[in-house]
Amino acid sequence: MSNVVPPFIVAIPARYGSTRLPAKPLRAIDGVPMVVRVAQRALQAGASQVVVAVDDPRIADALAGQHGVDVCMTRNDHASGSDRLAECAQHYGWADDSIVVNLQGDEPFAPAAGIRAVAQALAGDDAPMATLATPIIDAEELFDPNVVKLVRAADGRALYFSRAPLPWARDAFAADRNALPSGSPFLRHIGIYAYRAGFLDRYSRLPRTPLEQTESLEQLRVLEHGHAIAVRLTPEPFPPGIDTETDLERAELWLRTQH
């Protein structure tokens, strides 16, 4: 894959409502709203345009005065972040071949190198969508349903994503599930995506699928409808995203160690 980083847009879906962490985009980390930190990461990555797709004016207000960040007000009934970004792409009229990186609104510490890497992954493949992964080295992580696992083909494209352990090491796990056998390709999915803008519109028109709804994983809609997803390993670790009060406390502690 070429090391040249193509021009790319970063679009950040930011939904006000969250059952596990109310008003999540506005929660402060060391005094800065989470959504502002995410937008700053996108700018640091060198995006040609940074757009935050919001569903509540309170999020737009928090972003006021952030130089280089556009705010797009979207409907509040979208089923997924990708659906929200499809509305955003239509609003701005992005060219069909534009690379759009979906940076989740709860990833305030996403590394700039990782944001660029997912854009490169899409540019180096004719799949309409790309994402990142990182090796799993801990059995507890593999068996955690909050950690999304994936398996990929020899060409680097995704075969399946699941909250269940994948792949299942039959003989090793029959003997011991507290340690991972060596040589098995255990991968954790990192929830950052890149799409060609034209595919975002197609994605939003695809009917939701049984596997997508069963696993509550929007990327399965893509696979179930026969489209490919390119997968590359992240060049730098992604600190975990923020979904709960505990995650927020952990993020505060992590940030202090970076000063």
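Start by selecting helix 3 (residues 81-92) and helix 7 (residues 197-205), which pack at an angle of about 130° with their axes 8 Å apart. The model on your screen is a predicted one. Angles of 65 to 115 degrees would count as roughly perpendicular and those over 145 as roughly antiparallel, so helix 3 and helix 7 are oblique to each other. Turn the view until one helix lies in front of the other: helix 3 passes helix 7 in a left-handed crossing.

Now show the side chains where the two helices touch. On helix 3, pick S82, D83, L85, A86 and A89. Their counterparts on helix 7 are L200, D201, Y203 and S204.

**Staying with helix 7**

Which residues of helix 7 are buried? Colour A197, G198, F199, L200 and Y203 to see them. L200 and Y203 will be familiar, as they also take part in the contact with helix 3. To see what covers these buried residues, bring in the surroundings, which include helix 3, strand 6 (99-102), strand 7 (129-135), strand 10 (187-196), helix 8 and helix 9 (219-224).

**On to helix 8**

Helix 8 spans residues 210-215, and E215 is your next selection there. E215 is buried yet has no salt bridge. How far away is the nearest side chain of opposite charge? It belongs to R163, at 4.9 Å, while a salt bridge needs a nitrogen and a carboxyl oxygen within 4 Å. Leaving aside neighbours within four places in sequence, the contacts of E215 are Y160, F161, S162, R163, A164 and L220. R163 is thus on the contact list of E215, even though E215 has no salt bridge.

**A round of salt bridges**

The salt bridges in this model come to 15, and a few make good stops.

Select R188 and E141, whose closest N and O atoms are 3.1 Å apart. R188 sits in strand 10 and E141 in helix 5 (residues 139-142), so this pair ties together parts that are 47 residues apart in sequence. E141 is partly exposed, at a relative accessible area of 21%. You have already met strand 10, as it is among the elements covering the buried residues of helix 7.

Next, go to R58 and D56, another salt bridge, with 2.9 Å between the closest N and O atoms. Try a surface view here: D56 is buried at 12% relative accessibility, whereas R58 is partly exposed at 44%.

Then move to helix 10 (residues 245-258), where D247 and R250 are three residues apart, a separation of about one helical turn. An α-helix has 3.6 residues a turn, so residues three or four places apart point the same way. The side chains of D247 and R250 meet in a salt bridge of 2.9 Å, N to O. D247 counts as buried at 14% relative accessibility, and R250 as partly exposed at 33%. For a larger group, select D83, R208, E212 and R221, which are joined into one network by salt bridges that share partners. D83 brings you back to helix 3, where it is one of the residues in contact with helix 7.

**Last stop: a loop**

Finish at H67, in the loop between helix 2 (57-63) and strand 5 (69-73). Is H67 buried or exposed? With 76% relative accessibility, H67 counts as exposed. Add Q40 to the selection and draw a line between the C-alpha atoms: H67 and Q40 are 27 residues apart in sequence and 9.6 Å apart in space.

Methods
Residues are numbered from 1 along each chain as its sequence is written. This is a predicted model: local features need pLDDT of at least 70, side-chain atom pairs count only at pLDDT 80 or more; totals for chains, interfaces and linings use all residues. Side-chain values use heavy atoms; hydrogens and water are left out. Helices (H or I, at least four residues) and strands (E, at least two) are DSSP runs, numbered from the N terminus. Buried means under 20% relative accessible area, exposed over 50%, partly exposed in between (1.4 Å probe, protein chains only). Lys and Arg count as positive and Asp and Glu as negative; His and the chain ends are not counted. Contact means heavy atoms within 4.5 Å. Axes are lines fitted to C-alpha atoms, for helices over the stretch in contact, and angles run from 0 to 180 degrees between N-to-C directions. Angles under 35 degrees count as roughly parallel, over 145 as roughly antiparallel, 65 to 115 as roughly perpendicular and the rest as oblique. A crossing is left-handed if the near helix is turned anticlockwise from the far one by less than a right angle, and right-handed if clockwise.
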